[in-house]
Amino acid sequence: MHDHSETDGDMDDMTARVLALETVLVEKGLIDPKAVEAIIETYEHKVGPRNGAAVVARAWCDEDFAELLERDATAAIASMGFVGRQGEHMVAVFNSSVEHNIVVCTLCSCYPWPVLGLPPSWYKSPAYRARAVREPRSVLEEFGIALPKETRIRVWDSTAEIRYLVIPERPTGTEGMSEAQLSDLVTRDSMIGCGFARSPGPA
Amino acid sequence: MNGPQDVGGRHGFGTVVPEDESLRFHADWEKRVLGVTIAAASLGHWNLDASRFARESLPPAIYYGASYYEIWLRALEGLLERAGEVSKRERSTGRAETRGLRAERCLSADAVDAVLSKGSPSSRPGADPKFSIGDMVRTLNLQPSGHTRLPGYARARTGRVTAYHGSHVFPDTHSSFDGEKPCPLYTVCFEAVELFGETADPTLSVSIDAWEPYLERA
């Protein structure tokens with residue numbers, strides 16, 4: 001992995017390569033550098049997994065919302081203001097004590113951007129994409145997760161434009177907590193199916 | 001295509017390395033690739049399916065040796081070259097030699113929020129579905145050299161329809177600019193033993209989203 005520093009006089013290959021392309025596109029009037037900045041700003045600072053965590057926390061607290069989320073996740077999630085690119089057609093899948101859901105895109109890196117932001121590197125790696133469908137238990141072990149051996153696992157391979165959000169189980173000992181407090185317990189990985197929501201208490 | 005992208009169920013790629021969720025990018029150039037790729041898509045020279053086809057058409061040795069943002073960048077270079085917008089020589093010198101063909105479609109900064117919020121839904125009006133939820137279906141043994149979204153591990157396998165999503169743009173034709181040809185889209189769930197043989201995890205099932213032309217009644 002290249003580690004490029006802005007102050008470094010020697011540009012690494014990838015930095016030089018994208019800079020050359022961007023420069024030509026700007027000279028030709030085909031892209032606006034300010035638009036490029038706005039896109040980066042959106043996915044670096046505005047759209048990320050805290051959106052999904054808010055959805056999960058509401059589903060834990062509000063039965064009507066959970067019911068809508070199960071029936072029409074796109075509408076439920078849009079009602080919280082999370083819409084757009086790579087979240088046009090949402091499906092929420094609910095973990096239970098008998099079934100655990102995991103999301104993958106074996107063919108590329110499809111991922112529900114409006115609720116989870118950009119996918120982590122591992123989600124896009126051939127290792128995850130190859131193994132999630134065949135040996136998810138051993139993948140989960142690499143996340144420090146051991147599922148009971150009788151728990152059924154359902155893996156959702158995102159081969160079309162449907163995007164999946166896993167709703168993890170609500171941890172025990174969270175009665176009376178507010179939505180905001182609950183959302184802090186919801187990790188990104190738990191919404192892909194590669195983790196559990198955290199238990200309350202010291203992080 | 002039977003390309004490097006189709007890795008589901010394959011061995012030998014090693015371990016999965018978790019990372020902190022606060023990490024968004026691993027280098028500044030990755031940010032530029034993201035921004036330039038999305039901005040350039042507004043020119044309308046290609047669609048999402050065509051860009052996926054460009055990525056999986058990279059030679060396997062390059063595809064497996066590249067990070068995902070490098071795959072994006074290499075595919076973008078190819079798409080822009082085929083669109084007649086940026087030549088190989090312009091890329092190597094970093095200087096434009098001709099005017100942009102579609103400069104009038106350049107995405108402006110103040111349009112970014114609206115474009116990202118709108119997205120591009122792939123659902124369309126279409127024919128009535130041939131299958132119902134609960135039906136057993138078999139995937140066809142389709143091995144086109146062009147783009148398809150039927151993964152190799154799920155070809156010629158029997159599963160159950162668990163959801164119907166209406167009609168969606170068909171990537172196999174859309175990717176080659178042969179039309180949207182919307183058709184019914186289903187979720188089809190397979191037992192792992194059907195996909196990966198008798199030694200597969202008996203508690204595991206795997207679903208794909210499959211367009212009707214990928215399926216026959218089982």
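In chain B, 66% of the contacts with a separation of 6 or more are between residues 24 or more positions apart, a contact being a pair of residues whose C-beta atoms, placed from the backbone, lie within 7 Å. The model is a predicted one, in which local features need pLDDT of at least 70 and side-chain atom pairs count only at pLDDT 80 or more, while totals for chains, interfaces and linings use all residues. Residues are numbered from 1 along each chain as its sequence is written, with chains lettered from A and ligands numbered from 1 in the order in which they are written.

Chain B holds 8 helices and 6 strands, these being DSSP runs numbered from the N terminus (helices: H or I, at least four residues; strands: E, at least two). From the N terminus on, the order is α-α-α-α-α-α-β-β-β-α-β-α-β-β. Along the principal axes, the C-alpha atoms of chain B fill a box of roughly 55 × 45 × 35 Å. Of the 218 residues in chain B, 42% are buried, a residue being buried if 20 or more other C-beta atoms lie within 10 Å of its own, exposed if 12 or fewer, and partly exposed in between, with C-beta atoms placed from the backbone.

Turning to the interface, 76 residues of chain A are in contact with 75 residues of chain B. Two or more residues each on the chain A side come from helices H1 (13–27), H2 (33–46), H7 (121–124), H8 (126–131), H9 (136–142) and H11 (188–192), and from strand S3 (152–157). H1(A) gives the largest share, 11 residues. The chain A side has 35 nonpolar, 17 polar and 24 charged residues, where Ala, Val, Leu, Ile, Met, Phe, Trp, Tyr, Cys and Pro count as nonpolar, Asp, Glu, Lys and Arg as charged, and the others, Gly among them, as polar.

One helix pair across the interface is worth a look. H2(A) packs against helix H1 (residues 28–41) of chain B at an angle of about 115°, with the axes 8 Å apart; axes are lines fitted to C-alpha atoms, for helices over the stretch in contact, and angles run from 0 to 180 degrees between N-to-C directions. Residues of H2(A) in this contact include A:Val36, A:Ile39 and A:Tyr43, and those of H1(B) include B:Leu34, B:Val36 and B:Ile38. By class, the contact has 9 nonpolar, 1 polar and 4 charged residues. B:Val36 also touches other residues, among them A:Val18, A:Leu21 and B:Leu76.

B:Val36 reappears in the largest nonpolar core, which has 116 residues; A:Ile31, A:Ile39 and A:Leu165 join B:Val36 as those with the most contacts inside this core. Such a core is a set of buried Ala, Val, Leu, Ile, Met, Phe, Trp, Tyr and Cys residues joined through C-beta atoms within 7 Å.

A:Leu165 lies in strand S4 (residues 162–167) of chain A, where 6 of the 6 residues are buried, so S4(A) is largely enclosed by the rest of the structure. S4(A) runs parallel to strand S1 (residues 89–94) of chain A, joined by 6 bridges, strands being paired if DSSP finds at least two bridges between them. In this pair A:Ala92 stands opposite A:Leu165.

Strand S2 (residues 99–104) of chain A has 5 of its 6 residues buried and pairs in the parallel sense with S3(A) over 6 bridges. S3(A) also pairs across the chains, in the parallel sense, with strand S5 (residues 204–211) of chain B over 5 bridges, where B:Ile208 is the bridge partner of A:Asp157.

How values were computed:
Two residues are in contact if their C-beta atoms, placed from the backbone, lie within 7 Å. Lists of a residue's contacts leave out its neighbours within four places in sequence.
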